[in-house]
Number of protein chains: 2
Amino acid sequence: MGVTSSIKRGSAELAILSVLVEEPLHGYEISKRIEEHTGGVLRFNLASLYPMLYRLEKRGWVKASWQTTSSGRRRRCYSLTAAGRKQLPPLRDEWRLFFRALDRLAGVSRA
Amino acid sequence: MGVTSSIKRGSAELAILSVLVEEPLHGYEISKRIEEHTGGVLRFNLASLYPMLYRLEKRGWVKASWQTTSSGRRRRCYSLTAAGRKQLPPLRDEWRLFFRALDRLAGVSRA
DNA sequence: TTCCTATATATAGGAACGCTATATACGTTG
DNA sequence: CAACGTATATAGCGTTCCTATATATAGGAA
């Protein structure tokens, strides 16, 4: 279960934005969400996820706010910004272009 | 034209094996073939291609032989080995798995 | 209460892969 | 002979993801 690192390379960005478009989540939840929604095929190490979130924050595509749960536990809640939401369609377009090109070349979608 | 570097990362291996399964080619031709077959969407720099070919050769998936054209020009002709041909179906399987997972998560194939 | 697991964030160090830049050199066309 | 396309090759860099490690709280099991 879980695809090779080199294959999924570059997909974390789209994956994160895609789960955040539905609702704001904190880092740990984002990781779980991606894993669950793909049946374990897409799975990112938490140590890969946090630096990615900081990059997205720096670009202004997500914004983070510290929360404290009722039990006194701190965590950062990430949500998409307007700029981040705007990035999603062109990102999807590029991935679709790539999918189709590789499919045409290598017959990936053929059973 | 041409998808982002980070997106196509890891696909060179499958792309090369896929064009070589049809007929043996030399490096420069492999590059052109990939570009033509994908309408310019997939495009690998020659400086990325040669190291990849050496890696594939080292793994025993392709074998190279020096040729000299009638005009006295040297070039290396690459062909798939039996081991390389065997790698293709599982590689396609993994890519398909990845495609479907990312599509489910991000709606890539939806127009 | 002690231990284990799950939750939660963070950084250091490294590997893989594709990039730009650069080098060399032959063939063909203008 | 200059310019361009063909052809191979290496050095050095950036990005992205990895493993390993650190810290800390909550809840359940032993």
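Visitor: What makes a residue count as one that surrounds DNA strand C, and which are the closest?

Guide: In this predicted model, 28 residues surround DNA strand C. A residue qualifies because one of its heavy atoms lies within 4 Å of the strand. The closest are Tyr50(A), Tyr54(A), Arg73(A), Arg9(B) and Ser71(B).

Visitor: Which parts of DNA strand C come within 4 Å of the protein?

Guide: Sugar or phosphate atoms make up 67% of the atoms of DNA strand C in that range, and the rest belong to bases.

Visitor: Why is the pairing of Tyr50(A) with a phosphate oxygen of DNA strand C called a polar contact?

Guide: The limit for a pair of N or O atoms is 3.5 Å. An N or O atom in the side chain of Tyr50(A) is 2.7 Å from the phosphate oxygen, so the pair qualifies. Lys8(B) also reaches a phosphate oxygen of DNA strand C with its side chain, here at 2.9 Å. Ala12(B) uses a backbone N or O atom instead, and its distance is 3.5 Å.

Visitor: Which helices and strands supply at least two residues each of the surface near DNA strand C?

Guide: From chain A come helix 3 (27-37), helix 4 (46-59) and strand 3 (74-80), and from chain B helix 1 (5-8) and helix 4 (46-58). By class, this surface has 10 nonpolar, eight polar and 10 charged residues.

Visitor: How do you know that DNA strand D has polar contacts with the protein?

Guide: The same limit of 3.5 Å applies. A polar side-chain atom of Ser48(A) lies 2.7 Å from a phosphate oxygen of DNA strand D, so this pair is a polar contact. The side chain of Arg55(A) has an N or O atom 3.4 Å from a phosphate oxygen of DNA strand D, and a polar backbone atom of Tyr28(B) is 2.8 Å from one.

Visitor: How many residues surround DNA strand D, and which are the closest?

Guide: There are 26, with Arg9(A), Ser71(A), Arg9(B), Tyr54(B) and Arg73(B) the closest. Of the atoms of DNA strand D that come within 4 Å of the protein, sugar and phosphate account for 65%. The surface near DNA strand D divides into nine nonpolar, eight polar and nine charged residues.

Visitor: Why are strand 2 and strand 3 of chain B said to pair?

Guide: Pairing needs at least two bridges. Seven bridges join strand 2 (residues 62-68) of chain B to strand 3 of chain B, so they pair, and they run antiparallel. Within this pairing, Gln67(B) stands opposite Arg75(B). The two strands form a hairpin with five residues between them, and Gly72(B) in the turn has a positive phi of about 85°.

Visitor: What makes strand 1 of chain B a partner of strand 3 of chain B?

Guide: Two bridges join them, so the requirement of at least two is met. One bridge partner of strand 1 is known by name: His26(B) has Cys77(B) opposite in strand 3 of chain B.

Visitor: Why are strand 1 and strand 2 of chain A called edge strands?

Guide: The three strands of chain A form an open sheet in the order 1-3-2, with antiparallel pairing. Strand 1 (25-26) and strand 2 (62-68) each pair on one side only. Strand 2 of chain A shares seven bridges with strand 3 of chain A, and Ser65(A) stands opposite Cys77(A) there.

How values were computed: Residues are numbered from 1 along each chain as its sequence is written. Chains are lettered from A and ligands numbered from 1 in the order in which they are written. This is a predicted model: local features need pLDDT of at least 70, side-chain atom pairs count only at pLDDT 80 or more; totals for chains, interfaces and linings use all residues. Side-chain values use heavy atoms; hydrogens and water are left out. A polar contact is a pair of N or O atoms within 3.5 Å; within protein, one must be able to donate a hydrogen and the other to accept it, and residues adjacent in sequence count only if both atoms are side-chain atoms. Helices (H or I, at least four residues) and strands (E, at least two) are DSSP runs, numbered from the N terminus. Ala, Val, Leu, Ile, Met, Phe, Trp, Tyr, Cys and Pro count as nonpolar, Asp, Glu, Lys and Arg as charged, and the others, Gly among them, as polar.
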